[in-house]
Amino acid sequence: MEEADVVIVGAGIAGLATALALKRLGVRALVLEKAEGLRTTGSALSLSSNAWLALDSLGIARKLTTAYAPCRKGYVTDIESGAIQEVSFSKSDMGEHVFRVALIGCDGVHSVVAHWLGLRAPIDSGRWAVRGLAVYPEGHGLNLEIQQFVTSGKRAGFVPLNDKEVYWFLTSKFSSKGKDMARDPELIMKEVTDNFAKDFPRQYLKVVQRSDLSTLTWAPLMFRPPWDMIFGNLSKGNVTVAGDAMHPMTPDMGQGGCSALEDAVVLGRHIGDSIIRNKRFVGGDQMAGVLERYVKERRWRAAGLITGSYLSGWVQQEGSGWFTKFLRDVIFYKLLFIVLFSVRDYNCGKLPSVTSNGTPRLENNPRKVD
Ligand SMILES: Cc1cc2nc3c(=O)[nH]c(=O)nc-3n(C[C@H](O)[C@H](O)[C@H](O)COP(=O)(O)OP(=O)(O)OC[C@H]3O[C@@H](n4cnc5c(N)ncnc54)[C@H](O)[C@@H]3O)c2cc1C
């Protein structure tokens, strides 16, 4: 087996971003992936400004911004009353030892590394989500705005990604075919159009009907309770976790992937600071300290995102009683929305610039290193 300083388990967004961060620091990383090849799961990922800052630190933001335009505002329609609210995102613009030093578990929601650390399995929120990509070779002609539709127990919406592709989603706490949908995209399409979203506006149904079937996915929404994040072992010696392996959360604020990118940069930053301090990459007890500092920085941030996402999903989807509607339409959309979604303004910092042999290039590293 190839020798590596760091082994990363899992080649999802967290694993690949972490590998990229380490590569930029000149640290040799080996990524282990159980899937046989590249594959697509889900149709799109909305990335808010915190993720773009992380991608910028990883040196790849520019490559992506040319392909996708930012979405600055959206509308939420109450299916029962027909009331429409505008929401703005403008504030957020912007066994055998193969490893010498560290192992980072980026192996997703059902992480074996998290289990090894002693973390409890994530909880099922009782809700599930389907998502897909509608394709319009001739152009869709929609405004670049998010449209959301809410009704008792269900929330759905769509977001144009560019002039030919529209991402759509539906989350629900009701279940009819449940896991059967996970295996059958045609069933997803049928269940959404004939059952779950049959009372939704035609505009939404027309988007769903334009889906590329290969992009349709169904997933139960799982999360790690915030108290497990705060009190649990997120690292042990030179082993830690990142991405969904550390902080699975419901997708109600679209922060799972964004925060996985933050993890990669924060971990890289702490490893880079250690390289600068020691003038080389060091492992052993010192690496355990580096991982502890990474965990300390991520623990409360991720616990906050999990809590915010859960509350956001609950309040938008819970019930049709006057109290939950008041919470949703007055407290959440008018007051809490801006506060809760300001988590997107978080800046995870820059990777320190070091050469591959560990020599710091301090002129590009304005942050003070103790
Ligand atoms: C419906 C829905 C909508 C979402 N929308 C958004 C959004 O808009 N914006 C956003 O930022 N996030 C969103 N998310 C969350 C986001 O998709 C996840 O947080 C993100 O994909 C997690 O990335 P990850 O790399 O941690 O895990 P994963 O993507 O799960 O990758 C884990 C990888 O590890 C591999 N693996 C697992 N076990 C092993 C093993 N034992 N050995 C080797 N390899 C292994 C797997 O094969 C996989 O490739 C959404 C999630 C859902 C369900």
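This report describes two helix pairs and the ligand surroundings in a predicted model.

In the pairing of helix H1 (residues 13-24) with helix H9 (residues 256-278), the axes come within 8 Å and cross at roughly 30°; the two helices are therefore roughly parallel to each other, and their crossing is right-handed. On the H1 side the contact is made by Ile13, Ala14, Ala17, Thr18, Ala21 and Leu22, and these meet Gly257, Ala260, Leu261, Ala264, Leu267, Gly268 and Ile271 of H9. By class, the residues of this contact divide into ten nonpolar, three polar and no charged.

Helix H6 (residues 185-196) and helix H7 (residues 202-209) have axes that come within 10 Å and cross at roughly 170°, which makes H6 roughly antiparallel to H7. The crossing of H6 and H7 is left-handed. Met189, Val192 and Thr193 in H6 meet Tyr204, Leu205, Val208 and Gln209 in H7, a contact whose residues comprise five nonpolar, two polar and no charged.

Turning to the ligand, 26 residues surround it, and the closest are Glu33, Ser46, Asp244, Gly257 and Cys258. Gly257 thus appears among the residues closest to the ligand and also among the H9 residues in contact with H1. The table gives ligand distances to polar backbone atoms of three glycines.

| Ligand atom | Polar backbone atom of | Distance |
|---|---|---|
| nitrogen | Gly254 | 3.2 Å |
| oxygen | Gly256 | 3.5 Å |
| oxygen | Gly257 | 2.9 Å |

Conventions
Residues numbered from 1 in each chain as written. Predicted model: local features only at pLDDT ≥ 70, side-chain atom pairs only at ≥ 80, totals over all residues. Heavy atoms only, no water. Axes fitted to C-alpha atoms, helices over the stretch in contact; angles between N-to-C directions. Helix = DSSP H or I, 4+ residues; strand = E, 2+ residues; numbered from the N terminus. Parallel < 35°, antiparallel > 145°, perpendicular 65-115°, else oblique. Left-handed = near helix turned anticlockwise from the far one by under 90°. Contact = heavy atoms within 4.5 Å. Nonpolar A, V, L, I, M, F, W, Y, C, P; charged D, E, K, R; others polar. Near = heavy atom within 4 Å. Polar contact = N/O pair within 3.5 Å; in protein donor to acceptor, adjacent residues only side chain to side chain.
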